[in-house]
Amino acid sequence: MAITRAEAFAPATVANLGVGFDILGLAIEGMGDRAVVEFQDNPEILITDIEGDDGKLPREADKNVASVSARAFLDHMGEKRGLKIKLFKGLPLASGLGSSAASSVVSVVALNKLYGEPFTYEQLLPFCLEGEALVSGYHADNVGPCLLGGITLIAGITVDAIQQLPVPDNLHLALVTPDVAVPTAEARAVLPTEVSLKTMIYQTGQVARVIDALHRNDLEALADGMEKDMVVEPARANLMPYLEEVRFESKRVGAMSVFIGGAGPTLCALCDSKEIADKTAETMKAIYVDAGMDALVQSTHVDRRGAIVTMSE
Ligand code: HSE
């Protein structure tokens, strides 16, 4: 019997991994978005409800990333029916945790299930990217790992340009998300449009080092390479409250490096044990609390599953 209703979950992600602007990202175990989708005879897409966004996200189908990515999928299939989408936001908006990517992915993964899963998750990427592009531009460093899990290199959007990279043993992460919105579009607007050849050589070297370190299970080199961004972090640093304090204090309690999560304001610390990640998360939180700001912290690790179908009937 045909499936008429499906629910999916899509995890939080951290894009860039410091030096890998727009080409590297990883999925995080724990938080994420959920969506339930079902066909309707009316050809429109209807967002029936959104929970968890404090009413901030648009309900109009052409303005919400979940429906825009679903629309790309339906159009590709030449579908005459429309869709009802109910979205459960588990991720804070404009936070650097891949919130728009998770919503773009979750509806498409559920929709793929309604069709009997004709596409691999790599093949779903271009549909998801249509949603992500609506608010964040065409970059797949969140939607890639969100779909596939793990640590992902997105050198393009064709299937052969998407590579799963090895996840080192003992890679733990502490993340802090202060209660301040940094919309990706704004954080992209401050970036330089050109870099010198010298900078390009240095930055390329660091990205190569990060990828090599992943393949060699070398956390030291990974941590060091990730923190060597000469292009994006300097331009965005003043949008990230307490970046230097978080870096200094996190390292004082044993973290190996600190980098901006995606477009921020989330900051991520790479740690080599759960104990240090726990301690780092506590330390990060205290910095914002002392400054009178609320902050969400996580002590977590790489999610290897990516988006999943959680129910179908
Ligand atoms: N690579 C993107 C950026 C991720 O840093 O702007 C944010 O969505």
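In this predicted model, the ligand is surrounded by A15, N16, F21, D22, H139, D141, N142, T184, R188, R236, G262 and A263. Three of these residues were examined for the distance between an N or O atom of the side chain and an atom of the ligand. For N16, a side-chain N or O atom lies 2.8 Å from a nitrogen atom of the ligand. The side chain of D141 likewise places an N or O atom 2.7 Å from a ligand nitrogen. In the case of H139, the partner is an oxygen atom of the ligand, and the distance is 3.5 Å. On its own the ligand has 260 Å² of accessible area, of which the protein covers 96%.

The interior of the protein was then considered. The largest nonpolar core contains 73 residues. Within this core, the residues with the most contacts are L83, V105, L124, L147, I151, L222 and L270. Helix α2, which spans residues 99-114, gives the most to the core, with 9 residues. The core takes at least three residues from domain 1 (5-165 + 303-312) and at least three from domain 2 (172-301).

The surroundings of one core residue, L147, were listed with residues up to four places away in sequence left out. L147 touches V105, V109, Y121, L124, L125 and C128. Further contacts of L147 are with R305, G306 and A307. Of the residues touched by L147, V105 and L124 are also named among those with the most contacts inside the core.

Another core, of 17 residues, lies apart from the largest one. Its members include V176, V246, A269 and M284.

Conventions
Residues numbered from 1 in each chain as written. Predicted model: local features only at pLDDT ≥ 70, side-chain atom pairs only at ≥ 80, totals over all residues. Heavy atoms only, no water. Core = buried A, V, L, I, M, F, W, Y, C linked by side-chain atoms within 4.5 Å. Buried < 20%, exposed > 50% of the residue type's maximum accessible area, 1.4 Å probe, protein only. Helix = DSSP H or I, 4+ residues; strand = E, 2+ residues; numbered from the N terminus. Domains from an automatic or database assignment. Contact = heavy atoms within 4.5 Å. Near = heavy atom within 4 Å. Polar contact = N/O pair within 3.5 Å; in protein donor to acceptor, adjacent residues only side chain to side chain. Areas by Shrake-Rupley, 256 points an atom, 1.4 Å probe, with all protein chains shown as cover.
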